[in-house]
Amino acid sequence: MRTVIRISLLSILVANTYGCSERKIFQQSSSGSESSSLEANLESSQGMKTSEQLLISFAALTGIPASNNAVNTTYVSVKSQLPYENAMSSFQASSQMAVFKLASEFCLELAKDAMKRGAFAPGLNFALAPAAAYTPAVRSAMINAFMSKFWGEGLSNSPDRSEALSTYQDLLSSLMPGAPESTTPASATGTASIFSGVCAGVLASSTPSFQ
Amino acid sequence: MNKKSRGILFLSFLFFAFQAPSSQAGPSRDKANTLFNRIAGIPPSAAQLDQMEGLISEGKWRDAAYVAIAAPSFYNLTLKIFAAPKANVAKAIDITLNDYIALVIGMVRDNVPFNEVLTTDRYYIGAPGLTGVTAWARRVDDNGNSRYDRNDHYVSLERNRIDLSNPANFISVSQSAPEYIGVPSAGVITTRGFAEAYYSAGTNRRPFAVGLMDAFLCTPPEMYKDTIVPDTYVRRDVDRAPGGESAEYLNKCKGCHALQDPMTKAFAYLDFNNDALSFSAGQVRDKMKRNQNVFPSGSEVLDDQWVNLFTTGKNAAIGWRVPEGYSTFLNGTGHKSLGATLAATKAFSRCTVKKIFQQVCLRAPSSEDQAFIDQVVEAFEAPQGSPAIKYNLKHVYAEVSKCVQ
């Protein structure tokens with residue numbers, strides 16, 4: 001696993017370096033009624049959200065306030081590792097770990113909030129043990145809800161949904177009690193734990209983090 | 001980190017690496033999504049995305065931008081990021097909220113022309129009674145006479161994530177009132193945030209060179225340096241032959257000091273001590289008389305009457321104009337008239353537009369963008385938006401966002 005993570009980190013660094021050196025271009029649509037010739041060649045680059053933009057973005061996406069004590073404690077502890085400006089170059093190797101920690105804290109708080117978590121896990125009964133709670137239909141509904149709410153709907157530049165659904169299904173299966181290397185308890189506690197784990201996996205992906 | 005967490009982290013890596021952002025212009029919905037993120041700093045809701053997509057499809061790009069500008073996070077995040085680098089010497093954007101940044105956010109929210117940022121008497125604080133927020137208060141020290149107005153209030157506003165876009169939460173008061181800053185006000189120049197960054201220690205040259213010329217006119221000393229200007233007003237603390245070399249002074253030191261020293265007289269009565277901004281009417285601060293024996297024949301600061309020697313040579317390009325309510329840009333008395341004079345320059349408008357362009361487009365404007373920048377600058381100085389006001393910062397965000405298209 002450590003090797004795989006290292007490989008993933010390398011791929012992120014390569015992607016970021018590439019993004020930094022190549023200007024990403026958005027050509028203006030010529031159909032805009034407010035357009036002028038001066039605006040026709042305008043370009044825009046790409047960037048990362050800063051630490052505070054990530055905090056408020058995650059709060060908006062999960063519904064958990066940024067002022068939440070647990071969230072704030074984690075934010076303060078990881079802030080120095082999060083991007084300090086929008087330039088891609090401010091995204092360091094440690095940044096993804098920090099984004100993941102922050103996303104995890106939001107998701108842990110979301111799992112505790114009976115009112116808010118319902119929107120992300122339609123049909124999931126948190127009082128049941130994972131084996132009973134995570135039926136195939138509930139799994140798909142939950143993962144799709146996370147992707148829809150965190151990545152948006154109808155956007156062409158977000159990850160392929162069917163591929164992502166399949167990957168997150170595999171993740172969820174590996175988290176189930178009894179799966180090889182799984183440490184998830186077989187009680188109802190494990191149901192919330194799996195919920196927050198999948199939530200963090202989707203929230204910490206790049207879509208909510210790019211500016 | 002246990003095995004489960006490592007697995008989830010791996011997946012987040014996976015989708016981070018896979019999903020490099022698109023480099024091509026997408027359909028209206030993708031554009032709307034990017035536009036909202038750039039202006040509001042967070043992802044749009046489904047309803048906001050639908051609305052902006054519709055407007056962009058109809059070619060109403062500016063209206064679409066205003067949907068994002070109406071979001072609370074435009075004030076709480078985007079304007080904070082716009083103001084923060086001006087409020088500290090290191091130009092960091094992730095500093096804690098303070099009264100300087102709060103003033104910029106409040107002014108824009110309340111549609112105050114941005115050129116008043118260096119002159120206004122407005123001051124923004126959290127409304128009384130906000131849960132968990134430390135009240136704005138001046139504090140008396142152990143001796144019972146020095147007054148403190150630390151940043152506690154703004155720290156707690158930020159910690160509690162008070163929505164500054166809401167007039168019920170965030171109100172305007174008189175900066176010069178005795179219960180607040182209590183000195184002759186000049187916008188951010190007389191905020192505690194500016195004072196801590198630029199008046200603390202030193203010789204009061206930093207507020208001019210860094211706090212104003214660099215931050216608001218995008219003209220740092222290395223740009224305005226001009227050795228042709230006479231050194232009539234260079235202060236006594238500047239060595240005319242550093243290391244025994246008069247050429248060093250003539251070719252280097254003089255270039256900046258000849259210009260900035262006569263301007264810094266505007267801050268003759270201002271200082272930052274005991275954790276607060278202080279003003280001593282008619283009493284020149286000791287810090288401006290420091291090291292008088294270095295060159296006793298140099299200029300002595302006797303009052304706060306400043307002189308502008310930037311109007312000739314290359315610095316004429318700053319675009320000096322007589323500010324409203326004044327009769328000249330060549331000289332003045334005190335920090336407020338200096339603020340008004342700097343805010344009336346063309347460079348102030350150009351700099352403001354360029355910084356917002358960089359913030360929204362995530363790159364510095366190139367020479368190819370110059371004509372567009374000029375067009376936005378012209379619009380910035382004319383009544384725009386709703387309500388139509390000059391120096392409408394929201395309108396600049398809407399205009400420059402066209403780079404996202």
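**Chain B: overall build, a domain contact and two local sites**

In this predicted model, chain B comes out with 15 helices and 8 strands. Its radius of gyration is 23 Å, close to the 22 Å that the globule rule gives for 405 residues, so chain B is as compact as a globular protein of that length. Put in a box along the principal axes, the C-alpha atoms of chain B take up roughly 70 × 55 × 50 Å. As for burial, 52% of the 405 residues of chain B count as buried. The contacts reach well along the sequence, too: take those in chain B between residues at least 6 apart, and 66% of them join residues at least 24 apart.

The domain assignment splits chain B into domain 1 (96–199), domain 2 (202–344) and domain 3 (348–404). Between the C-alpha centres of domain 1 of chain B and domain 2 of chain B there are 27 Å. Where these two meet, 24 residues of domain 1 of chain B are in contact with 21 residues of domain 2 of chain B. On the domain 1 side of that contact, β3 (147–148) and α8 (192–199) of chain B each put in at least two residues. The biggest share there belongs to α8(B), which gives 7 residues. Sorted by class, the side of domain 1 of chain B that touches domain 2 of chain B holds 13 nonpolar, 5 polar and 6 charged residues.

Just ahead of α8 of chain B in the listing of elements is a loop worth a look. G187(B) sits in this loop, between β4 (170–174) and α8 of chain B. Is G187(B) buried or exposed? With 27 other C-beta atoms within 10 Å, G187(B) is buried, because 20 or more is enough to count as such. Leaving aside residues up to four places away in sequence, G187(B) touches L103(B), G339(B) and the run of E116(B), V117(B), L118(B), T119(B) and T120(B). K289(B), 102 residues from G187(B) along the chain, is another matter: the C-alpha atoms of the two are separated by 26 Å.

The other local site is a strand pair. Strand β5 (residues 270–273) of chain B runs antiparallel to strand β6 (residues 276–279) of chain B, and the pairing covers 4 bridges. Within that pairing, F272(B) has L277(B) in β6(B) as its bridge partner. The two strands, β5(B) and β6(B), make a hairpin with 2 residues between them. In the turn, N274(B) takes a positive phi of about 50°.

Definitions and conventions
Residues are numbered from 1 along each chain as its sequence is written. Chains are lettered from A and ligands numbered from 1 in the order in which they are written. This is a predicted model: local features need pLDDT of at least 70, side-chain atom pairs count only at pLDDT 80 or more; totals for chains, interfaces and linings use all residues. Domain bounds come from an automatic or database domain assignment. Two residues are in contact if their C-beta atoms, placed from the backbone, lie within 7 Å. Ala, Val, Leu, Ile, Met, Phe, Trp, Tyr, Cys and Pro count as nonpolar, Asp, Glu, Lys and Arg as charged, and the others, Gly among them, as polar. The radius of gyration is taken over C-alpha atoms; the globule rule is 2.2 Å times the number of residues to the power 0.38. A residue is buried if 20 or more other C-beta atoms lie within 10 Å of its own, exposed if 12 or fewer, and partly exposed in between; C-beta atoms are placed from the backbone. Two strands pair if DSSP finds at least two bridges between them.
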